Amino acid sequence: MLNSLTVTILAEDSVGYETPFLGQHGVSFLLEARSGELVRRVLVDVAQLPQPLLHNMAILDIDPTTIDAIVLTHCHYDHTQGLTEIVRAVGNRDLPVIAHPDIFRPNFETVPTLRHIGVMNSDTREAITAAGGMFFPVRDPLQLLPGLTTSGEVPRTTAYENRETNLKTIRDGRVEVDPMIDELSVYATVQGVGTVVVTGCSHAGVVNIARHARTVAGTQDSGGTGDGTRPAEGNTALAGSAQVAAIIGGFHLIEADAERIRKTVADLHTEGVGHIYAGHCTGFPAQAALYSTFGDAFTPLRTGQQFTFSQ
Ligand SMILES: [Fe+2]
Ligand SMILES: [Fe+2]
């Protein structure tokens, strides 16, 4: 487990009142994870414009060369564009860049017109590698250090989430609905706090992501199979009781109907999620619904915020 976790919002769609930060459509989070003497800084997504990201880092006195790894939550340009430039700014040879193996597939909309919204041509695998990135293409949870892991593919268990049909891909020359199977989250388990979930857009469904966190975080911390599918022998209690202390990110409810919003908020509440930090693609109606249920345990995301979780 971690002793502490600090999450800094480096990019978000909104900025706070009287702050000097630059906002943009997209998200980027810096995670600083401490485990004993060990400190690791993991950048989760890079939004779509490197300049405001680097501007915000400078204001917060964050040196990009101290970043140890980058996790990409999914292919969309508002999470991945400019990655090559950020990898170059980090400047570390063989910088781990962790993402789903399908992240470079075509991903596009056709309404109102054909538009690619996946990884852009300036950020191909070859460009990232040439800039110093070491690509980790992974479907399974990948432990970054004990207590900090990526989610791997998120099982779709709720009946009402993951119903998007406007996102398309091409497979074997056929145009298909893209199930966004590349969606990853990051799960950080902090001693005395529980598991903090960091999510990009929650295309897999934020309730699915929260439920998967309980399984994966328990498995990883207990030194389980490492495949994220089952906990180690004798540690089922730990896996089952892993408390979701917080969820931070975009909940992708901006186009959801009132019924889906109602079910999502109710299920997050039933799951016992301790605090919700939601912005980006969450949308105002969902933010309002989350606030009316979670009250002070709801915080709207703003660029430049920092949250620390420790005992
Ligand atoms: Fe997004
Ligand atoms: Fe997205």
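**Leu83 and its core**

I began with Leu83 and listed its contacts (heavy atoms within 4.5 Å): leaving aside neighbours within four places in sequence, Leu83 touches Val46, Ile70, Leu72, Val97, Asp123 and Ile128. I kept in mind that this is a predicted model, in which local features need pLDDT of at least 70 and side-chain atom pairs count only at pLDDT 80 or more, while totals for chains, interfaces and linings use all residues. For reference, I noted that residues are numbered from 1 along each chain as its sequence is written, that chains are lettered from A and ligands numbered from 1 in the order in which they are written, and that side-chain values use heavy atoms, with hydrogens and water left out.

I then looked up the largest nonpolar core (a set of buried Ala, Val, Leu, Ile, Met, Phe, Trp, Tyr and Cys residues joined through side-chain atoms within 4.5 Å), which has 29 residues, and found that Leu43, Ile70, Leu83 and Val87 touch the most other members. At least two residues of this core come from each of strand 1 (4-11), helix 1 (50-59), helix 3 (83-90) and strand 5 (95-99), and helix 3 gives the most, with four residues. The helices (H or I, at least four residues) and strands (E, at least two) are DSSP runs, numbered from the N terminus. Apart from this core I found another, of 27 residues, including Leu5, Ala33, Val196 and Phe309.

**Strand 1 and its partners**

I checked strand 1 for burial, where buried means under 20% relative accessible area, exposed over 50% and partly exposed in between (1.4 Å probe, protein chains only); eight of its eight residues are buried. Strand 1 runs antiparallel to strand 2 (residues 28-35), to which seven bridges join it, and Ile9 has Phe29 as its bridge partner in strand 2. Strand 1 also runs antiparallel to strand 18 (residues 306-310), here through five bridges, with Gln306 as the bridge partner of Thr8. I count two strands as paired if DSSP finds at least two bridges between them.

**The seven-stranded sheet**

I followed an open sheet of seven strands in the order 9-10-13-14-15-16-17, with mixed pairing. Strand 9 (143-145) and strand 17 (298-300) are its edge strands, each pairing on one side only. Within the sheet, strand 14 (residues 194-199) and strand 15 (residues 244-250) pair in the parallel sense over five bridges, and Thr199 has Gly249 as its bridge partner in strand 15.

**The two iron ions**

I next listed the donors (N, O and S atoms within 2.8 Å of the metal, or 3.2 Å for Na, K and Ca), remembering that water is not among the atoms, so sites may look incomplete. For the iron ion (ligand 1), the protein donors are Asp78 (OD), His79 (NE2), Cys201 (SG) and His280 (NE2), at 2.1 to 2.3 Å, and along the chain they follow the spacing D-H-x121-C-x78-H.

Why is the arrangement around the iron ion (ligand 1) irregular? The four donor atoms subtend angles of 85 to 165°; four donors count as tetrahedral if all angles lie between 85 and 135 degrees, four as square planar and six as octahedral if opposite donors are over 155 degrees apart and all others between 65 and 115, and anything else is irregular.

For the iron ion (ligand 2), I found His74 (NE2), His76 (ND1), Cys201 (SG) and His203 (NE2) as protein donors, at 2.2 to 2.7 Å, in the spacing H-x1-H-x124-C-x1-H. The angles here are 91 to 171°, which makes this arrangement irregular. His76 lies in the loop between strand 4 (69-71) and helix 2 (77-80) and Cys201 in the loop between strand 14 and helix 5, so this pair ties together parts that are 125 residues apart in sequence.

Cys201 bridges the two iron ions, ligand 1 and ligand 2, which lie 3.4 Å apart. I looked up burial for three of the donors: Cys201 is buried at 3% relative accessible area, His76 is buried at 5%, and His280 counts as buried at 8%.

**Gly272**

Last, I turned to Gly272, in the loop between helix 7 (258-270) and strand 16, which is partly exposed with a relative accessible area of 31%. Leaving aside neighbours within four places in sequence, Gly272 is in contact with Gln243 and Val244. Gly272 and Ala246 lie 26 residues apart in sequence and 9.6 Å apart in space, C-alpha to C-alpha.
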